[in-house]
Amino acid sequence: MQPTKFQKRLFGTNGVRGIVGKDLTPELVLTIGEALGTMRRGCIAVGRDTRTSGETLVKAVKSGLLATGCDVVDCGILPTPALQYLIKGQFDGGAMITASHNPPEYNGVKIIEADGTEMGDEETLKLEQLIFEPSFSPQSWEYIGHEINAPYLTRKYIQAIVHHFPDRIGSEITVVVDPGSGPACLTTPQILTEMGCRVLTLNGVMDGTFPGRLPEPSPEGLKGLAELVVSSGAAFGVAHDGDADRAVFIDEKGQFVEENREFALVAQHMCHQKKGTVVTPVSTSLVVEMVMKNEGCTITYTPVGSIYVARTMRSLRENGNEVVFGGEGNGGLIFPDHQFCRDGGMTAAMMVFILASTGQQLSTLINALPKRSMIKDKISTSLGTHVLESLKEVYSQDSLDLTDGVKILRRDSWALVRASGTEPIIRIIVDADTHNHGQVFIMN
Ligand code: MG
């Protein structure tokens, strides 16, 4: 049941990422396209975010796919969840050129399966093998693939979200949207407008140099959004990362909503509507578990990484379990009745629905959640495996969860220590009911 993490050479948790021209070249992306085309065949959808390197890299991946005989539908610039939605059941797979939240000099490739989920570890290892030991050869002239440009398909994604909610449910609500000059410029303002909201935008023109803020929607980068929310009297502000699979919020007072609390608020709403399980990684704050248990739901923990959450949700549902909701404590929320991947546009729309149906202000709803304190830290060491083994011994009297690294569970708090698979560091997260309690945990 529990997904296992595999060590990959090229692909990380969310695809291949690197600095353009250094780690990530058109040649590498061409090879990825050839490998994907060889593995999947058929008709493949491609898309990209707004990065300056996107155009050259999407041409490289398309060239690889066409050369190996695949037909290609180029969906143009769009959020990753929009491409995933379009692929689901309609294409034989997909490739998204994006580096998500990374700075402008980065880019990457995310591979999407025919069911709209990101490619899992086992298939990715097969793809890597093809990339490192290429055994494909270009098709002869009569079998080269065809390409269609279809940027208009994004409309289907917008409509799917709008139709998920009662007609014009947001007609009393003003929202400020900060798509961060990314692909959600084309989707989230449109979705919320069609839900009846009055929408103001900030960083709403697509620009791969990201002149307004970096693609990571950090509290520091969202100061302009917070000011505009307060000065315009908006109900909330919403900001996306560089490919809009995540959404974070600013409340009506201009305060950043910590992402675990955002998750808890949406989980509370989803669990109020329907009973079942909520799926999240072991790194998510206990506030989520507390809120859902109050609503009579259960929680299933997975290793860290949205793909493990999405695939666990899907397999639970396939086995007849009611899966209500899932996601991570970083603004990446998964709505299983919509699709099995993180979706920033859907998250923004759901927030409109929550505020419209409760009639409450966002700060009131957030302040009503149980108070928690979370400390995150990392330590440079090449002895990660040794540290984890020692922790298991030192804390053997405690309750331990070994889903991903070592999680030490206490009554009102937990500590998680994980060794990075790609860097010589260990990551530590402590979650407690007060800040002091968490520090005592670290001192132990
Ligand atoms: Mg992202």
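Donors, in what follows, are N, O and S atoms within 2.8 Å of the metal. The model looked at here is a predicted one, and its magnesium ion is a handy place to start. Going along the chain, the donors of this ion follow the spacing S-x140-D-x1-D-x1-D. Put as residues, the ion is coordinated by Ser-100 through OG and by Asp-241, Asp-243 and Asp-245 through OD, at 2.0 to 2.1 Å. Ser-100 sits in the loop between strand E4 (93–97) and strand E5 (106–112), while Asp-243 belongs to the loop between strand E9 (236–240) and strand E10 (247–250), so this pair ties together parts that lie 143 residues apart in sequence. Both Ser-100 and Asp-243 are buried.

Aromatic rings come next. Searching the whole structure turns up 5 aromatic pairs. One of them brings together Phe-325 and Phe-335: the ring centres are 5.3 Å apart and the planes are at 50 degrees, so the pair counts as tilted. Phe-325 is part of strand E13 (residues 323–327), whereas Phe-335 falls in the loop between strand E14 (333–334) and helix H11 (344–358); the two are 10 residues apart, and the pair is a link between distant parts of the chain. Neither ring shows much of itself: Phe-325 is buried, with a relative accessible area of 0%, and Phe-335 is buried too, at 2%. Phe-263 joins in as well, since ring pairs link Phe-263, Phe-325 and Phe-335 into a cluster.

Rings also turn up beside a charge. Lys-407 has its charged end over the ring of Tyr-301, 4.4 Å from the ring centre. That charged end also sits over the ring of Trp-414, again 4.4 Å from the centre.

Then there is the nonpolar interior. The largest nonpolar core has 68 residues, and the members touching the most others are Val-175, Ile-191, Leu-192, Phe-236, Phe-325, Met-350 and Leu-362. Helix H11 gives the most to this core, with 9 residues. Phe-325 thus appears both in the ring cluster and among these well-connected core members. As for Met-350, setting aside neighbours within four places in sequence, its contacts are Phe-165, Val-266, His-269, Met-270 and Phe-335. Phe-335, one of these contacts, is also the ring partner of Phe-325. Apart from the largest core lies another one, made up of 27 residues, including Leu-24, Val-46, Leu-57 and Val-58.

Definitions and conventions:
Residues are numbered from 1 along each chain as its sequence is written. This is a predicted model: local features need pLDDT of at least 70, side-chain atom pairs count only at pLDDT 80 or more; totals for chains, interfaces and linings use all residues. Side-chain values use heavy atoms; hydrogens and water are left out. Donors are N, O and S atoms within 2.8 Å of the metal (3.2 Å for Na, K and Ca); water is not among the atoms, so sites may look incomplete. Helices (H or I, at least four residues) and strands (E, at least two) are DSSP runs, numbered from the N terminus. Buried means under 20% relative accessible area, exposed over 50%, partly exposed in between (1.4 Å probe, protein chains only). Rings of Phe, Tyr and Trp (its six-membered ring) pair if their centres lie within 6.5 Å; planes under 30 degrees apart count as stacked, over 60 as edge-to-face and the rest as tilted. A charge sits over a ring if NZ of Lys or CZ of Arg is within 6 Å of the ring centre and within 35 degrees of the ring normal. A nonpolar core is a set of buried Ala, Val, Leu, Ile, Met, Phe, Trp, Tyr and Cys residues joined through side-chain atoms within 4.5 Å. Contact means heavy atoms within 4.5 Å.
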